[in-house]
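Hi,

Here is the structure I promised to pass on. Have a look at it first, and my notes on what turned up follow below.

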Amino acid sequence: RDFKKAEAYRDAEVPFLVYNVPEAEEVVAKWNKDGYLENLLGDERYRTEVSHNNHFMYFSGGSRGHGKSAWRAPTSVEKMSFKKFKDAAVRCDMKNCSEDE
């Protein structure tokens, strides 16, 4: 029954958590190991959406009547390594960043 629920969430492409699944323990341990993703992804730079005020939102790029010069996208796209991304996320988490930071 729970397996069917998990499949439904997966198929709907919505986030969900699973608990007490012995088959997943090895994967969880691997992904929680410090440095695992850094080693896996290396120094390659990936397309990353960046918010300079910690506020992310979906947008269509339209100006909604404000004139194109007045509108600014809430995020930018940069290429960065996973290490740089993680370092920025950890710094923000340690500072308890708000939407204004």
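A quick word on terms before the tour: helices and strands here are DSSP runs, numbered from the N terminus, with at least four residues for a helix and at least two for a strand. By that count Asn 20 sits in the loop between helix 1 and helix 2. Please keep in mind that this is a predicted model.

**The overall picture**

The protein chain has four helices and two strands. Reading from the N terminus, the order is α-α-α-β-β-α. Of the 101 residues in the chain, 13% are buried. The chain exposes about 9,300 Å², and 53% of that comes from carbon and sulfur atoms. Among contacts with a separation of 6 or more, 69% are between residues 24 or more positions apart.

**Helix 1 and the loop after it**

Helix 1 covers residues 2-11. This helix is hardly covered, with one buried residue among its ten. Near its start, Lys 5 makes a salt bridge with Asp 2, and the closest N and O atoms are 3.9 Å apart. Why do these two suit each other in position? Lys 5 and Asp 2 are three residues apart in helix 1, so about one helical turn separates them. An α-helix has 3.6 residues a turn, so residues three or four places apart point the same way. Lys 5 is partly exposed because its relative accessibility is 41%, while Asp 2 counts as exposed at 56%.

Another salt bridge joins Arg 10 to Asp 11, with the closest N and O atoms 2.9 Å apart. Asp 11 is exposed, at 53% relative accessibility.

Tyr 9 also belongs to helix 1, and its 42% relative accessibility makes it partly exposed. Together with Val 14, Phe 16 and Val 18, Tyr 9 forms a nonpolar patch on the surface, and the four have about 350 Å² of accessible area together.

Two residues in the loop between helix 1 and helix 2 may catch your eye in a backbone plot. Glu 13 lies in that loop, just after helix 1, and takes a positive phi of about 55°. Glu 13 is a residue other than glycine, and it is exposed, with a relative accessible area of 71%. Asn 20 likewise has a positive phi, near 55°, in a residue other than glycine. Its relative accessible area is 75%, so Asn 20 is exposed.

**The strands**

Strand 1 takes in residues 45-50, and Thr 75 lies in the loop between strand 1 and strand 2. Is Thr 75 buried or exposed? At 12% relative accessibility, Thr 75 counts as buried. The C-alpha atoms of Thr 75 and Glu 49 are separated by 6.3 Å, although the two residues are 26 apart along the chain.

Ser 81 is in strand 2, which covers residues 76-81. The cut-off for buried is under 20% relative accessible area, so Ser 81, at 15%, counts as buried. Which residues does Ser 81 contact, leaving aside its neighbours within four places in sequence? They are Gly 42, Asp 43, Glu 44 and Arg 45. The side chain of Ser 81 also reaches the backbone nitrogen of Lys 84, at 3.1 Å.

**Helix 4 and its link to an earlier loop**

Helix 4 spans residues 82-95, and its 14 residues should stretch over 20 Å at 1.5 Å a residue; the end C-alpha atoms are 20 Å apart, which agrees. Just after helix 4, Asn 96 has a positive phi of about 55°.

A search of the whole structure gives five salt bridges. One of them pairs Asp 34 with Lys 86, the closest N and O atoms being 3.4 Å apart. Asp 34 lies in the loop between helix 2 (25-32) and helix 3 (36-41) and Lys 86 in helix 4, so this pair ties together parts that are 52 residues apart in sequence. Asp 34, Glu 38 and Lys 86 are joined into one network by salt bridges that share partners. Asp 34 is exposed, with a relative accessible area of 71%, whereas Lys 86 is partly exposed at 25% relative accessibility.

Best wishes

Methods: Residues numbered from 1 in each chain as written. Predicted model: local features only at pLDDT ≥ 70, side-chain atom pairs only at ≥ 80, totals over all residues. Heavy atoms only, no water. Buried < 20%, exposed > 50% of the residue type's maximum accessible area, 1.4 Å probe, protein only. Contact = heavy atoms within 4.5 Å. Areas by Shrake-Rupley, 256 points an atom, 1.4 Å probe, with all protein chains shown as cover. Patch = residues over 30% accessible without salt bridge, like charges linked within 9 Å, V, L, I, M, F, W, Y side chains within 5 Å. Salt bridge = Lys/Arg side-chain N within 4 Å of Asp/Glu carboxyl O. Expected span 1.5 Å × (residues − 1). Polar contact = N/O pair within 3.5 Å; in protein donor to acceptor, adjacent residues only side chain to side chain.
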